[in-house]
Amino acid sequence: VTAPLTTTKDLIIFPIINPNLPSGVMASATACFLDSDTYRPIAGFVYLGQSYDFSKTNAEYYLEMLLLHEITHILVFSENLFKYFPDAIKPVTETVTINGVSRTRLTTPKVVAAAKKHYNCNTLTGVELEDQGGEGSAGSHWESRIMLGDYMISTDYNEIAISDMSLALFEDSGWYEANYYTGGL
């Protein structure tokens, strides 16, 4: 017996080798099908480039984190998905001017709470989103100037981690529960 597509908890990922990804882009991803009741992504594409350096000492770990990063775009971290987050937490983003520069910040409650704790700053009202890199990067990644080292920044970084802010975004979507941890090995 199979469940109707609208009640499935599965995620279908279509990996596609795409030799036409822009120079320097190793992969990209997007949700392509949403649950008709909850709007939770249930299918997506991961586009993979062809220029990987397997000689790196951490090549396997790097590729695992790259795929986790791309799957996170399918699941939750995409400017295109924010509109489907629960009405109770909207608006999901806000645009503010900081030092004369317009910045977009994610303002969901659990993300803000995690950021306040992480940065020890009770006056935070949002976490900045990337503002460069065009449609594939801007608005769908953390601003690396603020979140350098998180797996959801848009640039390569050798030492990456999954932050509580990234986990909180999963919960704020209303689609998932995060398993927070204290880190370490």
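**A tour of the predicted model**

Begin with the whole protein in cartoon view: its secondary structure comes to four helices and six strands, and, followed from the N terminus on, the elements run β-β-β-α-β-β-α-β-α-α. What you have open is a predicted model, so it is worth colouring the chain by pLDDT, which is the predictor's confidence in each residue, before looking at any detail. The protein averages a pLDDT of 89, and 94% of the residues score at least 70. Next select residues 1-6, where the pLDDT is below 50 and where the model shows six contacts beyond near neighbours in sequence. Where pLDDT is low, the predicted coordinates should not be read in detail.

Keep the whole chain in view for the overall dimensions. The C-alpha trace spans about 45 × 45 × 35 Å along its principal axes. The radius of gyration is 17 Å, which agrees with the value near 16 Å that a compact globule of 185 residues would have. If you switch on the surface, its accessible area comes to about 11000 Å², of which 53% belongs to carbon and sulfur atoms, while buried residues make up 40% of the 185 residues. Among contacts between residues at least 6 apart in sequence, 51% join residues at least 24 apart.

Now select strands S4, S5 and S6, which form an open sheet in the order S4-S5-S6 with antiparallel pairing. Strands of a sheet pair through backbone hydrogen bonds, either parallel or antiparallel. The edge strands here are S4 (93-98) and S6 (127-128), each of which pairs on one side only.

Zoom in on S4 and S5 (residues 101-106 for S5), which run antiparallel and are joined by six bridges. Select threonine 93 together with leucine 106, its bridge partner in S5. Then move to the turn: S4 and S5 form a hairpin with two residues between them, and asparagine 99 in that turn has a positive phi of about 55°.

Finally, cross to the other side of S5, where two bridges join S5 to S6, again running antiparallel. Leucine 106, already selected as the partner of threonine 93, also stands opposite valine 127 in S6. Adding arginine 105 brings in its bridge partner in S6, glutamate 128. To close, return to the confidence colouring and compare S6 with helix H1 (residues 59-75): confidence is highest in S6, at 98, and lowest in H1, at a mean of 93.

Methods:
Residues numbered from 1 in each chain as written. Predicted model: local features only at pLDDT ≥ 70, side-chain atom pairs only at ≥ 80, totals over all residues. Heavy atoms only, no water. Pairing = 2+ DSSP bridges. pLDDT = per-residue confidence, 0-100. Contact = heavy atoms within 4.5 Å. Rg over C-alpha atoms; globule rule 2.2 N^0.38 Å. Buried < 20%, exposed > 50% of the residue type's maximum accessible area, 1.4 Å probe, protein only. Areas by Shrake-Rupley, 256 points an atom, 1.4 Å probe, with all protein chains shown as cover.
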